[in-house]
Amino acid sequence: MKLYRKEGNILQILSSPNENIEKGDYLLVEDSDANKALIAQVIDVQFASVPGVLEELLRSLPDDGELVQGEDFDPLEIAPHVTYIQDASLLMCRIRATVENGNLSPSSSWLPSRSQSSIKKLPIPKLLELAHVNGRLPIILGETKDSSPLAIDATHLDGRLNIITGKKETGKSHLSKLLMTSLVGYKATVVVFDLNGEYLSLGMTSDGKRNANYDKIHVLTPSQNFQVALKQLNLHVLLGILIHALHLPGTSAREFRRIWQSLREKNMLSLHELGEAIRNWNCNQHVRDALFARYHSLLNSGFFTDNVAEAAALEDSMLKAKEEGGALIVNLRSTSAIDRQIVVEYVLGKLVESLTSMKLKAVFLFAEEAHLYLRETYWDDIVTRMRHFGIFTTFITNQPDTIRENIYRQADNIFLFNFTNEHDLDVVSRAARVDAETVRSIARDLPPQHCLALGKVVKDFPMVVKTKTIDVKTMGETRLFFKDLA
Ligand SMILES: Nc1ncnc2c1ncn2[C@@H]1O[C@H](COP(=O)(O)OP(=O)(O)OP(=O)(O)O)[C@@H](O)[C@H]1O
Ligand SMILES: [Mg+2]
């Protein structure tokens, strides 16, 4: 390989066909005189444009001063070079770092010598070692192209905002399961908003036996094993539900607060009493109607109960998940859109409450297709307020434009699966942690189950990895009519 040009932080490198370099590979451009090296990643492979390259190669041929004239003679031995040139490729490489005395720095301001530099492929294990990607709490994501394992450090997910995105069926939920079960293995508390009921059997192996996580997976199905007793409900959380999930106007919310306080003083907080109190409350008819409508939504959701014993699921599993690590899977599969918002509002309210009172240390939240249940104002909250409380979110979606732009800007880690659609690629390339060319060029060619890991977990060295299999019973499969024939 030979250095051809440098423009900004793009290096153009000439490569012969037998060098077998592909997109995503890392190269080390060593300048022995300067005692430094550049680490560059191939982001595109093009045909070399012949005239420029020819000149370049001719210039570098040995000139032994013995030119002989003759017809059938090829004095400069050009013929092999011509074929070489025809097949030569031009590697567009983005400079990622400079190595000097074994230390990495992001600088790319120096120019390696064209004549003295040697260029070779940088094996991924060597790069991982240089960049200190492996840490004390490794999570093996899978294998890189040269079949070396890629392990990220769980601490690089801690306190972070992550996005898993890609086309349908490329393996996003699979990776999310891999990450969250690994975190549980390190005794973390995880909460999953499971839209399709595909995280429910993570405690089972594929052949239906219990696995090591069996006791740590707590499935909460709203209105079945997951209900809330009014008596245990914090007014603040309930008002959150009324205002944000059920859009109760401010004036009516103030009335509701009074009703609630009066019932609580009389120790009469029950669904029935709440209904009666609204009916008999001395207030404007519009306010009463508004309150009644919301009361019925609460009632119909089946999520609220007067039975305190039945209502302990969330608290119980939180307690268990706190001690030994565990995952609370909020199963939203059969929950209607409006009830989903009620449940999510409740869970988030409860999490914030438990985190402020130090009942929980911190929580890793995995949210599948969050736009289907997350209210408007939560998007900003998640990057600011929620993070401050200790809720570290991973968004998983196949529609990248449903995630707010500021989330891309703030994301610390992005796991990007295949995208071919221009619009989708545009959205993702707004992420601050990576340049648009890398996203566009690499994401387009990713096979299923391969993702481009970007951000802190790979120390900003974008890396393609084939995610490893996990031995759990999967439930996310799409229901098919002709399944038996497939
Ligand atoms: N690394 C892997 N090894 C083995 N099977 C995998 C792997 N990754 C994904 N799969 C399987 O491929 C299928 C699709 O994966 P998954 O459900 O994770 O895709 P998805 O991107 O979440 O799809 P959707 O957009 O429909 O939610 C699943 O049956 C899953 O079990
Ligand atoms: Mg999925």
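Trainee: What is the strand order in the open sheet of 11 strands?
Mentor: This is a predicted model. The order is β9-β8-β20-β19-β18-β10-β17-β16-β11-β15-β12. The pairing is mixed.

Trainee: Which strands stand at the edges?
Mentor: β9 (149–153) and β12 (217–220). Each has a single partner strand, so one side of each has no neighbour in the sheet.

Trainee: How much are neighbouring strands turned against each other?
Mentor: By 25° on average, with direction ignored.

Trainee: Take β11 and β16. Parallel or antiparallel?
Mentor: Parallel, over four bridges. β11 covers residues 189–194, and β16 covers residues 363–368. For one bridge, look at V192: its partner in β16 is F366.

Trainee: Which helix lies across β11, β12 and β15?
Mentor: Helix α9, residues 313–324. Its angle to β15 (326–331) is about 150°.

Trainee: On to packing. How many residues are in the largest nonpolar core?
Mentor: It has 132 residues. V190, V192, V330, F364, L416 and A453 have the most contacts inside it. Helix α10 (residues 337–356) gives the largest share of this core, eight residues.

Trainee: What is V330 in contact with, leaving aside neighbours within four places in sequence?
Mentor: V191, V192, F193 and D194 are on the list. So are L220, V343 and V347.

Trainee: And overall, what share of the protein is buried?
Mentor: Buried residues make up 40% of the 486.

Trainee: How is the protein divided into domains?
Mentor: Domain 1 is 2–122. Domain 2 is 138–226 + 307–485. Domain 3 is 247–302. The C-alpha centres of domain 2 and domain 3 are 36 Å apart.

Trainee: How many helices and strands does the protein have?
Mentor: There are 15 helices and 20 strands.

Trainee: Is the protein a compact globule or more spread out?
Mentor: More spread out. The radius of gyration is 29 Å, and the globule rule gives 23 Å for 486 residues, so the protein is well over that value. Along the principal axes, the C-alpha atoms fill a box of roughly 115 × 50 × 50 Å.

Trainee: What about contacts over long sequence separations?
Mentor: Take contacts between residues at least 6 apart in sequence. Of these, 72% join residues at least 24 apart.

Trainee: Switching to β5. Is β5 mostly covered or mostly open?
Mentor: Mostly covered. Strand β5 spans residues 89–100, and 10 of its 12 residues are buried.

Trainee: How does β5 pair with β2 and β4?
Mentor: In the antiparallel sense with β2 (residues 10–15), over six bridges. I13 stands opposite L91 there. With β4 (residues 36–47), the pairing is also antiparallel, over 11 bridges. A37 has V99 as its bridge partner in β5.

Trainee: What does V99 pair with in β6?
Mentor: L104 is its bridge partner. β5 and β6 (residues 103–105) pair in the antiparallel sense over three bridges.

Trainee: Which residue in that hairpin takes a positive phi?
Mentor: N101, with phi near 50°. The hairpin of β5 and β6 has two residues between the strands.

Trainee: Last one, Q86. Where is Q86 found?
Mentor: In helix α2, residues 78–87.

Trainee: Why does Q86 count as exposed?
Mentor: Because Q86 has 12 C-beta neighbours inside 10 Å. The cut-off for exposed is 12 or fewer.

Trainee: How far is Q86 from E323 in space?
Mentor: They are 64 Å apart, C-alpha to C-alpha. In sequence, Q86 and E323 are 237 residues apart.

Notes: Residues are numbered from 1 along each chain as its sequence is written. Chains are lettered from A and ligands numbered from 1 in the order in which they are written. This is a predicted model: local features need pLDDT of at least 70, side-chain atom pairs count only at pLDDT 80 or more; totals for chains, interfaces and linings use all residues. A nonpolar core is a set of buried Ala, Val, Leu, Ile, Met, Phe, Trp, Tyr and Cys residues joined through C-beta atoms within 7 Å. A residue is buried if 20 or more other C-beta atoms lie within 10 Å of its own, exposed if 12 or fewer, and partly exposed in between; C-beta atoms are placed from the backbone. Two residues are in contact if their C-beta atoms, placed from the backbone, lie within 7 Å. Two strands pair if DSSP finds at least two bridges between them. Domain bounds come from an automatic or database domain assignment. The radius of gyration is taken over C-alpha atoms; the globule rule is 2.2 Å times the number of residues to the power 0.38. Axes are lines fitted to C-alpha atoms, for helices over the stretch in contact, and angles run from 0 to 180 degrees between N-to-C directions.
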